[in-house]
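Thanks, everyone. I have one model to go through today, so let me put it on the screen.

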Number of protein chains: 2
Amino acid sequence: MTALDTAALRDAAREPAAERDQDRRAEIYRNAARIFHRKGYHATSINDIAAAVGLTKAGLYYYIKGKQDLLFAIMGFAMDQLDEQVIEPARRVQDPQARLETIVARHARLITQDSSALTILVNELEGLLPDDRADIIGRQRDYVDFIADTLAALRDEGKVIGLDPTVGAFSLVGMILWISRWYRADGRLDGDEVVAEVTRMAISAVLNRGDHSNAGDLETG
Amino acid sequence: MTALDTAALRDAAREPAAERDQDRRAEIYRNAARIFHRKGYHATSINDIAAAVGLTKAGLYYYIKGKQDLLFAIMGFAMDQLDEQVIEPARRVQDPQARLETIVARHARLITQDSSALTILVNELEGLLPDDRADIIGRQRDYVDFIADTLAALRDEGKVIGLDPTVGAFSLVGMILWISRWYRADGRLDGDEVVAEVTRMAISAVLNRGDHSNAGDLETG
DNA sequence: GCCAACCTACCGGGCGGTCGGTAGACTACT
DNA sequence: AGTAGTCTACCGACCGCCCGGTAGGTTGGC
């Protein structure tokens with residue numbers, strides 16, 4: 001939940017005045033993300049958010065333009081986080097397998113650290129205005145394509161055989177995103193262990209291997 | 001979308017009279033599932049559903065008790081589907097690896113055939129009343145435990161080393177459920193191909209293998 | 001005549017959002 | 001030092017709308 005604070009600090013640095021204002025704004029986004037995450041966007045009222053930051057609804061509107069802008073800002077922030085903490089670092093890794101490991105591990109770690117914004121990013125798309133939604137979907141699509149390209153590079157190296165890169169990319173993303181549904185920071189495993197486990201599974205899911213065939217039934221049911 | 005019809009037929013069979021009534025009821029659940037799936041539970045109004053089946057809101061209430069019961073019924077149906085089409089058939093498979101393949105393939109196939117009820121099952125839990133939610137969550141937990149037990153059996157056979165069964169189970173479930181977000185029946189791959197790809201990935205994600213280690217970076221970022 | 005299968009009209013309430021204020025800090029001028 | 005003006009950071013009250021749900025019919029087939 002500290003993640004949104006850093007964005008606030010960044011903004012505050014470039015706007016000399018009104019730093020207290022930016023603190024307040026960050027607190028609002030932070031609380032909104034938490035509540036949207038817990039209850040869902042549509043089930044969250046502006047009053048819920050206002051109360052969480054100790055304001056009335058009218059007071060809250062001094063800081064925000066509307067509920068939809070709040071959602072879009074949170075999703076934009078989550079997407080920025082993904083760009084900066086996952087995609088950019090991974091782009092600097094040349095070896096495709098190491099790059100894939102970087103992607104999975106870093107994305108998974110972001111989720112174990114603070115899943116709210118990243119989870120909203122995938123669950124609340126339909127709450128956005130069409131233009132905003134197109135923007136976010138485009139960026140998400142770029143991310144999946146980036147993973148698919150990495151899988152294609154692995155295929156060219158002969159490390160992957162017979163896997164559709166797009167299906168592979170989506171499947172890995174699903175595995176990663178789902179972490180936010182079951183991982184609890186106070187659970188049996190700590191975040192680093194979970195990240196390591198998931199990364200290992202992801203890599204071996206796509207890499208070439210001996211034949212494991214062992215017909216599972218699929219007669220009509 | 002034909003899935004809910006079978007439930008209606010089942011119910012109709014045990015209630016001799018009012019079979020037309022049951023048809024109508026099935027159509028309502030079917031449409032409700034489709035719209036909840038597309039727009040989300042909270043963003044869907046009773047009017048939306050009524051209009052979709054050619055009734056007014058008041059007319060719809062002749063058939064349903066309320067919005068929350070509608071949701072619970074859909075999720076209960078989805079859970080029944082999972083029990084009957086995935087868990088029960090898999091229970092009859094003794095070999096752990098074949099059982100795991102059965103689980104993944106059958107669950108994935110259900111989703112490619114009609115994802116609406118199964119997707120609502122995982123996305124709209126917070127729309128339920130506490131008692132209903134506890135019911136559904138319990139059944140979902142049983143499903144994950146069933147997969148985890150299967151992974152534990154594979155570990156006992158030496159086919160899996162060093163994978164936490166619970167993390168493995170959740171990860172596979174995430175991979176499967178995510179299919180509903182990207183798979184399109186009119187897309188490049190047909191349903192059977194997608195099921196086969198995902199099943200292969202799932203199996204090789206958990207099965208033992210040569211060492212693929214190839215340090216992905218994880219310095220603090 | 002009766003009952004299943006609807007409808008029109010309505011209810012209370014909560015929603016996102018706005019409006020007209022105003023307390024208090026801070027500044028500007030005398 | 002005093003005071004008038006200004007601006008930030010809010011609040012109480014309100015708006016129109018739509019929501020889930022209901023009361024009380026009406027109609028057509030048996």
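A definition before anything else: the domain bounds I use come from an automatic or database domain assignment. This is a predicted model, so please hear everything that follows in that light.

In chain A, that assignment gives domain 1, residues 3-60, and domain 2, residues 67-206. Taken over C-alpha atoms, the centres of domain 1 and domain 2 of chain A are separated by 25 Å. The two do touch: 12 residues of domain 1 of chain A are in contact with 14 residues of domain 2 of chain A. On the domain 1 side, helix 1 (3-14) and helix 2 of chain A each supply at least two residues. Helix 2 of chain A gives the most, with 6 residues. By class, that side has 9 nonpolar, 2 polar and 1 charged residues.

Now the contact between chains. Here 45 residues of chain B are in contact with 44 residues of chain A. On the chain B side, helix 5 (67-91), helix 6 (96-113), helix 9 (165-182) and helix 10 (191-206) each supply at least two residues. The largest share, 10 residues, comes from helix 9 of chain B. That side of chain B divides into 23 nonpolar, 14 polar and 8 charged residues.

One residue to finish. Ala43(A) sits in the loop between helix 2 (19-39) and helix 3 (46-52) of chain A. Is Ala43(A) buried, exposed or partly exposed? It counts as partly exposed, because it has 16 C-beta neighbours inside 10 Å, and buried would take 20 or more. Leaving out residues up to four places away in sequence, Ala43(A) touches His42(B) and Glu126(B).

Note on methods
Residues are numbered from 1 along each chain as its sequence is written. Chains are lettered from A and ligands numbered from 1 in the order in which they are written. This is a predicted model: local features need pLDDT of at least 70, side-chain atom pairs count only at pLDDT 80 or more; totals for chains, interfaces and linings use all residues. Helices (H or I, at least four residues) and strands (E, at least two) are DSSP runs, numbered from the N terminus. A residue is buried if 20 or more other C-beta atoms lie within 10 Å of its own, exposed if 12 or fewer, and partly exposed in between; C-beta atoms are placed from the backbone. Two residues are in contact if their C-beta atoms, placed from the backbone, lie within 7 Å. Ala, Val, Leu, Ile, Met, Phe, Trp, Tyr, Cys and Pro count as nonpolar, Asp, Glu, Lys and Arg as charged, and the others, Gly among them, as polar.
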